[in-house]
Amino acid sequence: MKRSRINEIMAAADEMIRHYGFVLPPFAYWTPEEFKAKADTAARVIDARLGWDITDYGQGDFDKLGLFLFTLRNGRLEDLQRGGGMCYAEKLLISRQDQISPCHTHVIKAEDIINRGGATMAIQLHGSDADGNFDEDAGGTVMCDGIRRDFSPGEVLLFEPGQSVTLMPGDWHAFWGEGGDVLIGEVSTVNDDLTDNIFREPIGRFAEIEEDVAPTHLLVSDYDRWLR
C-alpha cells in the first residue's frame, strides 16, 4: 500500500470514529518525530503494539480485501498464562461496505465483536474439526449478546448497531460491512497479531508499504523499524 493512501485512510477513520462519539487517545496523533522523542516513556505503547493498523493482507486491493484497526489497550501474555493481571485487549475496527476481512480463527484469543455504529455487520461462520482446523461442513454455537445462537456451516449472521457476537478459538469467521461502512468494537483476551491469526488461505497479516510520502502517524508495523 502507498503511504499516501494509508494517511488518507487514517484521516477518514478518525472522522468516522469521532462521528460515533469515540475519541482516540493522545498518542494516536503523535507525529513520527514526537513518537521517537517519547519512545522511552511510551515503551508500553510500543511493546503492546497499541495504535494504528491498516492492512490489505498483502494482496494489494484494500477496498475489496482489507481492514482498519486501532488497538486501544492490550494486556500481557504472561498475565494471561498465570491467570491474573491485565488479561484483556480492546480495539476499534472499520469494515467498509463489502470489504472482506478474510476467514480466520485464533488459537488463544476469545473476542466480542460489536457493531458500534453505521451499517450492518455481516459475519460468516464455520466450525472446526477435532484439531481446530477449518471444517467446511461444521457448524457450531456462538453467543449473541448473551443469547445462544446455533449456526450452520457458512451461515452469515447479521448484526445491527448495538448487537454483538462472542467468538471463541476455533470459530472460523470472515466479516464485512453490509449496506455501508461499519464501526466495530473488539473486546478480547490478550491480542497477538504476530502469531495468533490463523487464516484459512495463506495470506499476509500486514501490508507492505511503498513510501511515496512521509507518514502522518506510525502504524504498529512501523515500530520496529522507526522506534527500536
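This report walks through helix α1 and a set of salt bridges in a predicted model.

**Helix α1**

Let's start with helix α1, which covers residues 3–19. Its 17 residues should span 24 Å at 1.5 Å a residue, and the end C-alpha atoms are indeed 24 Å apart, so expectation and model agree. After α1 comes G21, a residue with a positive phi near 90°.

A good part of the helix is hidden from solvent: the buried residues of α1 are R3, I6, N7, I9, M10, A13, D14, M16 and I17. What do these buried residues pack against? Their partners are strands β1 (51–55), β2 (67–74), β3 (88–95) and β11 (172–189), together with helix α5.

The helix also holds a salt bridge of its own, between the side chains of R5 and E8, with an N to O distance of 3.9 Å. These two residues sit three apart in α1, about one turn of the helix. R5 is partly exposed, because its relative accessibility of 27% falls between the 20% and 50% cut-offs.

**Salt bridges around R225**

In total, the model has 18 salt bridges. Here are three of them, with their N to O distances.

| Pair | Distance |
|---|---|
| R5 and E8 | 3.9 Å |
| E211 and R225 | 3.0 Å |
| D222 and R225 | 3.8 Å |

The bridge between E211 and R225 has its closest N and O atoms 3.0 Å apart. This pair links distant parts of the chain: E211 belongs to the loop between β12 (198–199) and α5 (223–227), while R225 lies in helix α5, 14 residues apart.

R225 also forms a salt bridge with D222, where the closest N and O atoms are 3.8 Å apart. Which residues make up the network of salt bridges that includes R225? The linked residues are R3, E211, D222 and R225. One of them, R3, is a buried residue of α1, and the buried residues of α1 pack against α5 among other elements.

How exposed are the acidic partners and R225 itself? D222 is buried, because its relative accessibility of 2% is under 20%. E211, at 38%, counts as partly exposed. R225 is exposed, since its 54% is over the 50% cut-off. The network therefore joins the buried D222 and the exposed R225 through a direct salt bridge.

Note on methods:
Residues are numbered from 1 along each chain as its sequence is written. This is a predicted model: local features need pLDDT of at least 70, side-chain atom pairs count only at pLDDT 80 or more; totals for chains, interfaces and linings use all residues. Side-chain values use heavy atoms; hydrogens and water are left out. A salt bridge is a side-chain nitrogen of Lys or Arg within 4 Å of a carboxyl oxygen of Asp or Glu. Helices (H or I, at least four residues) and strands (E, at least two) are DSSP runs, numbered from the N terminus. Buried means under 20% relative accessible area, exposed over 50%, partly exposed in between (1.4 Å probe, protein chains only). The expected span of a helix is 1.5 Å times one less than its number of residues. Contact means heavy atoms within 4.5 Å.
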